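Work through the following exercises with the coordinates open, and settle each task on your own before reading its solution.

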Amino acid sequence: MFTIFGVPSAALFGQLLLGLINGSFYAILSLGLAVIFGLLNIINFAHGAQYMMGAFVAWMLLNYAGIGYWPALLLAPLLVGAFGVVLERVMISRLYKFDHLYGLLLTFGLALIIQGLFRNQYGVSGLPYGIPAELRGGQALGFMFLPNYRAWVVVASLVVCLVTWFVIEKTKLGAYLRAATENPTLVQAFGVNVPLMITLTYGFGVALAGFAGVLAAPIYSVNPNMGADLIIVVFAVVVIGGMGSILGSILTGFALGLVEGLTKVFYPEASATVIFVIMVLVLLVKPAGLFGRAT
Amino acid sequence: MTDTMTRLTRLAATAVCALAASAAGAQTAVKFGVLNDRSGVYADITGEGSVVATRLAVEDFKAAEKGLKVEVVSADHQNKPDIGSNIARTWFDQDGVDAILDVPTSSVGLAVSGIAKEKNRVFLNSGSGTSDLTGRSCSPNTISWTYDTWALGNGTGAAMTKRGGNTWFFVTADYAFGTALERDATEAIKKAGGTVAGSVRHPFPGQDFSSFMLQAQASKAKVVGFANAGGDTINSIKQASEFGLVQGGQSLAGLLIFVTDIKSLGLQTAQGLVLTEPFYWDRDEASRAFARRFAERMGGKMPSAVHAGVYSSAIHYMKAVAELKDTKDGAAVVAKMKAMPTDDPIFGKGAVRQDGRKLHDMYLFEVKKPAESKGEWDLYKTLATIPAAEAWRPMAEGGCPLVPKT
């Protein structure tokens, strides 16, 4: 056993692992934002509200329909994604020809409305949602007690992130998507239904937020403000990673989780601020973000 | 024909209004401003419920019969001292508000207390917990009604220490309330023969507390005390249970827990928690009657201790004003409130001390096991009553400048 700056190494490893777990939430959420921004050029401020909806839909499925965690893990993202598709068709699609700012304002307004509606209905204290029976308990790793559920969160989010990255960067569908962002007119001329593709992409990004919401439901309080607290940090992650960069957002998500975890050991008071300090530094040195390409 | 009728009706209406106005002129106008969190972490504990509690107080006091014309306004301070201060100033300067009620979040409460003193109006604190409001920051215009960090630390801290939990680790919200709560609880624990192994300050509001749970586990302290509130406490306890703190032999102590927090956690997670509160809806006939009327207007939700405190403080304020027949001099109203004994259906008989501390009994509760609970809101069982004489910090120890030094 050795110590680093007065902190026992065992405690440090534990904190790093926890940082990784929190990082996986940042990664999934910032990935969704990056996909949406990369392909639609929309800064989706409603992402936090959609994450919250994922958690609430899981709770509703359990309490109104008796549907448990595992089916909810699939159903809730589908439902929230479908909601996203409707939003895109009815409202967001009208704004593509305008400046980013309009999309941002629209989605920000939508986020406030959605949160307000849930707040009116369910209050702010939150609703109980238990950890599924299969994942209760945990492992004693020697340096820390790792709840099984947290281990599952890391695995699930890693898989989802990698699959998304693979689909967008390595498959034919992904190639269409990337081509459509470069030059939608030309891609449409080749017979690809670009508007449909864009709608589904938004739906997918929103579904990712819903998925993260279901993952979060058993460990965080399910309440209408849960997304608003998180989304600002996630935006910082996206900015640091480089707007629209898929791999960048995944790596930055996990990395910043680690940085935050370390801050919680050495100077916990600053743990809510450290990500923004990094954001300022990155913007000063590399304005396009760590993985972004300057245009 | 109809034209004449309409004109006549209008005339009659004007006459009635004029009469009503002249009658109102003989009345004392009272304007309550309920300032609290209506959208954030404390919105269920305070929020609209405090407005409803104020209205119930006005009804029960039969204000109109006693020559008071009461108006109630409300606003959201978003837990931010700057926003809270702005609203308080506007209310006092422009809107003619006589007394501000509630104000959760101690940093905002301290700011509003300062403004009430500067403008010579009244601040009836129910939501803010810091004991500094009756200590070094006490004011001749402020009364702290419901609870404070000293009473909570004294209740839960001393009780847990005496039950064998003599080493503590604190998870503390990093702002005025959290640090005051940790300080006061530490004092109570040491007095009861315990020690504090360490503490960690988390940003407010927080979301993920797992890192702090790990630090709490590593401390090997017998009791992990949460010196935070609302959503922060809920997330802390949820994650403490996830990380197996209780299975590892540690006990959890929520130093400020409201009934709505337990409702949100669910009994499965919260069972066995020991906590101190001045009010529980299901304690006696009077509290149940109040809770029933409250729930009718709040979609079935039961009142929190803060709601009860807002109700009780509004009644006592109106009693004082009904005697003085004037609200202009805030310090005089508060002095009158201190001179009169308090008496209301919820807190019973009590008094307001020179430093602005309202005195009543506190209760030590334990959260029921799921099998013991008979209904959705059947959550606590009473362990002990802490009599008013022991529940509050002795006035001489608070350092309030209003208290003459002996």
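**Exercise 1.** Determine which residue just after α8(B) takes a positive phi, and describe the helix that precedes this residue.

*Solution.* In this predicted model, the residue to find is B:Gly244, whose phi is about 70° just after α8(B). Stepping back to the helix itself, α8 of chain B covers residues 230-242, and its 13 residues reach 19 Å from the first C-alpha to the last, close to the 18 Å expected at 1.5 Å a residue. As for its surroundings, α8(B) is mostly covered, since 13 of its 13 residues are buried.

**Exercise 2.** Trace the pairing of strands β11(B), β12(B) and β13(B), and locate the positive phi in the hairpin of β12(B) and β13(B).

*Solution.* Begin with β11 (residues 342-344) and β12 (residues 348-352) of chain B, which run antiparallel and are joined by 3 bridges; B:Asp344 has B:Gly348 in β12(B) as its bridge partner, and the hairpin between these strands passes through 3 residues. Next, β12(B) pairs with β13 (residues 358-359) of chain B, again in the antiparallel sense, over 2 bridges, with B:Ala351 partnered by B:Leu359 in β13(B). This hairpin has 5 residues between the strands, and there B:Gly356 takes a positive phi near 90°.

**Exercise 3.** Decide how the radius of gyration of chain A relates to that of a compact globule.

*Solution.* For 295 residues a compact globule would have a radius of gyration near 19 Å, and chain A agrees because its value is 19 Å. The C-alpha trace of chain A spans about 65 × 50 × 35 Å along its principal axes, and 52% of the residues of chain A count as buried.

Conventions. Residues are numbered from 1 along each chain as its sequence is written. Chains are lettered from A and ligands numbered from 1 in the order in which they are written. This is a predicted model: local features need pLDDT of at least 70, side-chain atom pairs count only at pLDDT 80 or more; totals for chains, interfaces and linings use all residues. Helices (H or I, at least four residues) and strands (E, at least two) are DSSP runs, numbered from the N terminus. The expected span of a helix is 1.5 Å times one less than its number of residues. A residue is buried if 20 or more other C-beta atoms lie within 10 Å of its own, exposed if 12 or fewer, and partly exposed in between; C-beta atoms are placed from the backbone. The radius of gyration is taken over C-alpha atoms; the globule rule is 2.2 Å times the number of residues to the power 0.38. Two strands pair if DSSP finds at least two bridges between them.
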